[in-house]
Amino acid sequence: MRFSINGADHEIDFDIRTSLLDLLREHLQLTGTKKGCDQGACGACTVLVDGERINACLALAVQYQGRAITTIEGLGTPGHLHALQAAFVEHDGFQCGYCTPGQICSAVGMAAEARRGVPSVVTADLAATQIALDHDELRERMSGNLCRCGAHNGIIDAVRQVLAREAA
Amino acid sequence: MSALAQTSWRPDGASDPLATRHGLIGAPVSRIDGPLKVAGQARFAAEVSMPGLLHAGFVYSSVARGRIKAIDTAAAEALPGVALVMTHRNAPRMKPPALFGTTPEAAGASDLPIMQDAEIHWNGQTVAVVLAETREQAEEAAALVAVEYESLPAVTAFAAAKAHAHPPESVLGEPAVLEIGDAEAALAAAAVKVDLTFTTPRQNHNAIELHAATIAWEGDRLTIHDASQLVTMTAATIAQVFDLDPKQVRVLSPYVGGGFGGKCLWDHQILGAAAARLAGRPVRVVLSREGVFRLVGGRTQTEQRVALAATADGKLDALIHTGVAAMTAHNACPEQFTFPARHLYAARTFKLVQQVAEMDMLANTFMRAPGESIGTFALECAIDELAEKLGADPVAFRRGIEPEKDPTSSHEFSTRHLNEAYAAGAERFGWAKRSATPRARRDGEWLIGMGCATGTYPYYRMPGGAARITLTADGRARVAAAAHEMGMGTATVQSQVAAERLGLPLDRVSFALGDTELPPSPVAGGSNQTAAIGAAVIAAHTELVKALLKLAGNASPLAGLSTDEVEGRDAGLGKRGDAARFESYASILRRAGRDEVTVQAEAPMPLELQKWSMHSTAAQFCEVRVSESTGEVRVARFLGSFDCGRILNAKTARSQFRGGIVMGLGLALTEETLFDERSGRIVNATMAEYHVPVHLDVPEIEVIWTDIPDPRTPMGARGIGEIGITGVGAAVANAVYNATGKRIRDLPITLDKLL
Ligand code: FES
Ligand code: FES
């Protein structure tokens, strides 16, 4: 089976019951993507597939052959951080760091959803083509990513700063 | 730069000079390990790869009390990839772990034997462990293990257990019963009083990282990559369980994905090690989220009574705080909910009684501010109710009952600035705008209210910590202690402190942790780690200076000076108050022909705790909006004003305070582990049904602090990991009352209770 992960091709065989999350973590040692529940409830396993955010724990790996999968390792490295990664450090948008890769991947996908005009439950005008990501929109749209350390304020500050910079 | 720290824990000791220094102390330094964490490169326990690794699957008991009558493992064993099915029939002989608190190194969460017999003690106990080549195979095999039980009568209802409630032998070394004067008589005679019952539910830590361990034997040497907040104690207790020398067990845990009291020693590490030994191969244990609920205890449920009697001039004539916590017969975590009442307020009489009620359940354990979190809920709601009866503002009322010294021990406070914290917090929050009458503010369907409450948490410094400092000829220092990083910013803060002490730039100092090959550390619990490591580093620093003065010898400008006369500055040692007498570390080492010098020392015993009453305090302020049509509560604003001694890193400290407050919002509004009283089974063992606060639940949280150093602690600091959660439940409940006119005394404050 062939997978495209962070721009690199991987040829690998495995038990077809394997989730995309376990493929990444156990077979490819791409352990930046985290497991917090394995049930789609915490968002720690968020990765991007063709630019859209998904919970890798709910994805059967075999169904993602040939799709463009991006994980936290594909966004940046400690020496060359992605703007969001750097903003998380600056705003202390984490403590233990375990939910963090999922939060960051989720924020990337979330910003793209807003650019496409996808409404959320707090969007006032469902017909709007442009969504302004105000404080409530950001918090609602990031609510699928749990953080038990309580770094919520720093996470939202970091995401806001990067989105504002991109918009400018 | 800094003069040497003396022994501030002795009555005659001088304060740590770092307590009043600026520079790196208090600076908002970003986390040193931040880039690794945000890039997904920080390696957690389940992420260590090893050749030949087997994956573990767990089978949990479905009865609360009884015996395994029959266990059929044949189908599981026949599956491809299965290497081992371990049950009580083939598990290696192991001693029960020594119970936490019984010896300095004991880490056992309970002292029950682990998989040594057919007995079942709680619904969820492990009855079999499967090892297989892949996780998928292990889980399928675990599902095929068929167990037949003989059930025995079990105590799974709190009401039934309470009928046999009794005071435990001690509550963390404090007496379970403490009485001063005749509080019940004072209450009976009082004109203004409250006498209230509060109930609080079970809760689980639910760190996002699942409990995990990667375990390997090499002959009789055992290595465990664990997610642990007590590596030294885990190694010692596992050695005791397997009859090994503690030196034969190495525990590594450089990063922990959240702890909050839950990442200690439980059955899964021991069972994983036992299975690895039987199979002769390394093993990875990753509990499922359900498994975490089955095997790792949480905060227990309580019923508390707070009765307060007031005098006409607004003093307390009686302070009664009593109650019962559910516990097991095999552990010792009585959830010390009466601790806040022992130190917070002046009263003429006191009656403080802790009881425990034994149930057949998974051992409960420490969860962020055990006792203080829910004890302040009851006490601070009752204070709010009493203030209202007196027609007093709750902030002003508290100012009137501020004690001059510890009200129950009579010790002097090392420092206490709760009044200042309240004043600053009230000003900043706009407390003056609160209406004393409930239901006075609304915005459409939303009723708006404000509440406040006091938070408090003790200063602890556990004994047994040591630290090592290596100074190299290129002017760098490596500091090391076994220690733990669960998100507190341990390496960052300790590097800041060490750099300031040594007089080195921050980028010349590193701090290694999370490994039992490093000098031992006590548990990262009781918010004590910063002080414990800080004291060990002070001791090591003194040794280092001694060694350097010796190496410097007579040719040095430092010749003839004693350790008391010098300080670390500008990458070297200098005479205090004398800029001319100085030699750099590099020069001292070079002249002595040394590449480096290494010292190690142990922290002295925490004698400061015997002389002073040492507590942090906080003033917590909350504004809520409550929907009149649905009863939904939204927290609109929150502010915490803290008096915790010196703050060492403004950035990471703010995060830690906020994190505690967020967990407090969960305690107040959403969190409850549902325990089926018929079966003793936890029925909401998922993150979807156990509701921790999510982004939309968390408002912008403002945090301020007094920053007044505590002269009796290393760096003038007191721990800040737990105080954030304290007082939050009451601040929210009092705000809900101010909004709606309804007093909710049963947590969590869910919407059904407000309709
Ligand atoms: S691990 Fe996928 S959502 Fe929790
Ligand atoms: S940083 Fe620890 S769970 Fe979010």
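User: In this predicted model, where is A:Asp38 found, and why is A:Asp38 called partly exposed?

Analyst: A:Asp38 is found in the loop between H1 and strand S3 (46–49) of chain A. Its relative accessible area is 24%, and since buried means under 20% and exposed means over 50%, A:Asp38 falls in between and is therefore called partly exposed. Phi of A:Asp38 is near 65°, a positive value in a residue other than glycine.

User: What makes helix H1 of chain A mostly covered?

Analyst: Helix H1 (residues 20–27) of chain A has 8 residues, of which 7 are buried. The buried ones are A:Leu20, A:Leu21, A:Asp22, A:Leu23, A:Leu24, A:Arg25 and A:Glu26. H1(A) is followed by A:Gln29, which has a positive phi near 55°.

User: Why are helices H4 and H6 of chain A called oblique to each other?

Analyst: The axes of H4 (residues 100–115) and H6 (residues 152–167) of chain A cross at roughly 45° and come within 11 Å. Angles under 35 degrees would count as roughly parallel and those from 65 to 115 as roughly perpendicular, so the crossing of roughly 45° belongs to neither class and H4(A) and H6(A) are oblique. The contact is made by A:Gln103, A:Ala107, A:Met110, A:Ala111 and A:Arg115 on the side of H4(A), and by A:Ile155, A:Val159, A:Leu163 and A:Glu166 on the side of H6(A); by class, these are 6 nonpolar, 1 polar and 2 charged residues. The crossing of H4(A) with H6(A) is right-handed.

User: How do you know that H6 and H7 of chain B are oblique to each other?

Analyst: The axes of helix H6 (residues 231–242) and helix H7 (residues 267–279) of chain B cross at roughly 50° and come within 11 Å. Because roughly parallel requires an angle under 35 degrees and roughly perpendicular one of 65 to 115, H6(B) and H7(B) count as oblique. Their crossing is right-handed. H6(B) contributes B:Ile238, B:Val241 and B:Phe242 to the contact, while H7(B) contributes B:Gln269, B:Ile270, B:Ala273, B:Ala274 and B:Arg277; the residues divide into 6 nonpolar, 1 polar and 1 charged.

User: What makes B:Asp243 count as exposed?

Analyst: The relative accessibility of B:Asp243 is 59%, and exposed means over 50%, so B:Asp243 counts as exposed. B:Asp243 lies in the loop between H6 and strand S12 (249–252) of chain B, and has a positive phi of about 60° although it is not a glycine.

User: Why is B:Arg658 called buried?

Analyst: With a relative accessible area of 12%, B:Arg658 is under the cut-off of 20% and is therefore buried. B:Arg658 lies in helix H17 (residues 650–669) of chain B. Not counting residues up to four places away in sequence, B:Arg658 touches A:Gly150, A:Asn153 and A:Gly154 of chain A, together with B:Glu700, B:Ile701 and B:Val703 of chain B.

User: How do you know that the radius of gyration of chain B agrees with that of a compact globule?

Analyst: A compact globule with 755 residues would have a radius of gyration near 27 Å, and chain B has 27 Å, so the values agree. Along its principal axes the C-alpha trace of chain B spans about 80 × 75 × 50 Å, and 65% of its 755 residues count as buried. Among contacts in chain B between residues at least 6 apart in sequence, 80% join residues at least 24 apart.

Note on methods: Residues numbered from 1 in each chain as written. Chains lettered and ligands numbered in written order. Predicted model: local features only at pLDDT ≥ 70, side-chain atom pairs only at ≥ 80, totals over all residues. Heavy atoms only, no water. Axes fitted to C-alpha atoms, helices over the stretch in contact; angles between N-to-C directions. Helix = DSSP H or I, 4+ residues; strand = E, 2+ residues; numbered from the N terminus. Parallel < 35°, antiparallel > 145°, perpendicular 65-115°, else oblique. Left-handed = near helix turned anticlockwise from the far one by under 90°. Contact = heavy atoms within 4.5 Å. Nonpolar A, V, L, I, M, F, W, Y, C, P; charged D, E, K, R; others polar. Rg over C-alpha atoms; globule rule 2.2 N^0.38 Å. Buried < 20%, exposed > 50% of the residue type's maximum accessible area, 1.4 Å probe, protein only.
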